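Thanks for coming. I will walk through one structure, beginning with its DNA contacts and ending with three leucines.

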Amino acid sequence: MQNPGEESTSLKGIQDVAAELGVTHRTLRFYEDQGLIQPRRVGQTRIYSRREVGRMQLILRGKRLGFSIRDIREFLDLYDTEPGHEGQTAHLLARVRERLEDLAQQRRALDETIAELRQIEQEAATHLARG
DNA sequence: CTTCTTACA
DNA sequence: TGTAAGGA
């Protein structure tokens, strides 16, 4: 509410943050339940600072890249625990490689499916052409 | 099972 | 806001 100009205000309500990030307030609450974010409370109202919004952006990015909520929570926990440390980066690297391999496997599966469909396509087209 | 969304109390 | 229910 009360947020006309809005860009200089780094303290936002759930609806503002949700709109800004393109998610619903329920999604923000879901992530909160999952322990990914911990917005401050002023009474019962959640207040999202730039830190929370920043974390949300990281969460959304992790999601885009195909990481699970558990993975993302681990990343964030490590970042909180040992910011900029080797262990953190090593862990990230390991997960990224896992993800890359996962995607490579999916690509192989896709290629197989496509090849199979093309085969059928060829046979069907040939069959039609011959009458 | 995971990740949300919708809806109702 | 908790939660059931449902979709993907």
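A residue counts as near a molecule or strand if one of its heavy atoms lies within 4 Å of it. This is a predicted model, in which local features need pLDDT of at least 70 and side-chain atom pairs count only at pLDDT 80 or more, while totals for chains, interfaces and linings use all residues. Residues are numbered from 1 along each chain as its sequence is written, chains are lettered from A and ligands numbered from 1 in the order in which they are written, and side-chain values use heavy atoms, with hydrogens and water left out.

Now DNA strand C. The residues around the strand are Arg26, Arg29, Arg41, Gln44 and Arg46. Of the strand C atoms within 4 Å of the protein, 44% are sugar or phosphate and the rest belong to bases.

Which atoms of Arg29 and Arg46 lie by a phosphate oxygen of strand C? For Arg29 it is a polar side-chain atom, at 2.5 Å. For Arg46 it is also a polar side-chain atom, at 2.2 Å. With Gln44, a polar backbone atom is 3.0 Å from a phosphate oxygen of the strand. A polar contact here is a pair of N or O atoms within 3.5 Å.

Next, the leucines. Is Leu36 buried or exposed? Leu36 has a relative accessible area of 1%, so it is buried; buried means under 20%, exposed over 50%, and partly exposed in between, using a 1.4 Å probe and protein chains only. Leu100, at 52%, counts as exposed. Finally, Leu36 and Leu60 are 24 residues apart in sequence and 11 Å apart in space, C-alpha to C-alpha.

Methods. A polar contact is a pair of N or O atoms within 3.5 Å; within protein, one must be able to donate a hydrogen and the other to accept it, and residues adjacent in sequence count only if both atoms are side-chain atoms.
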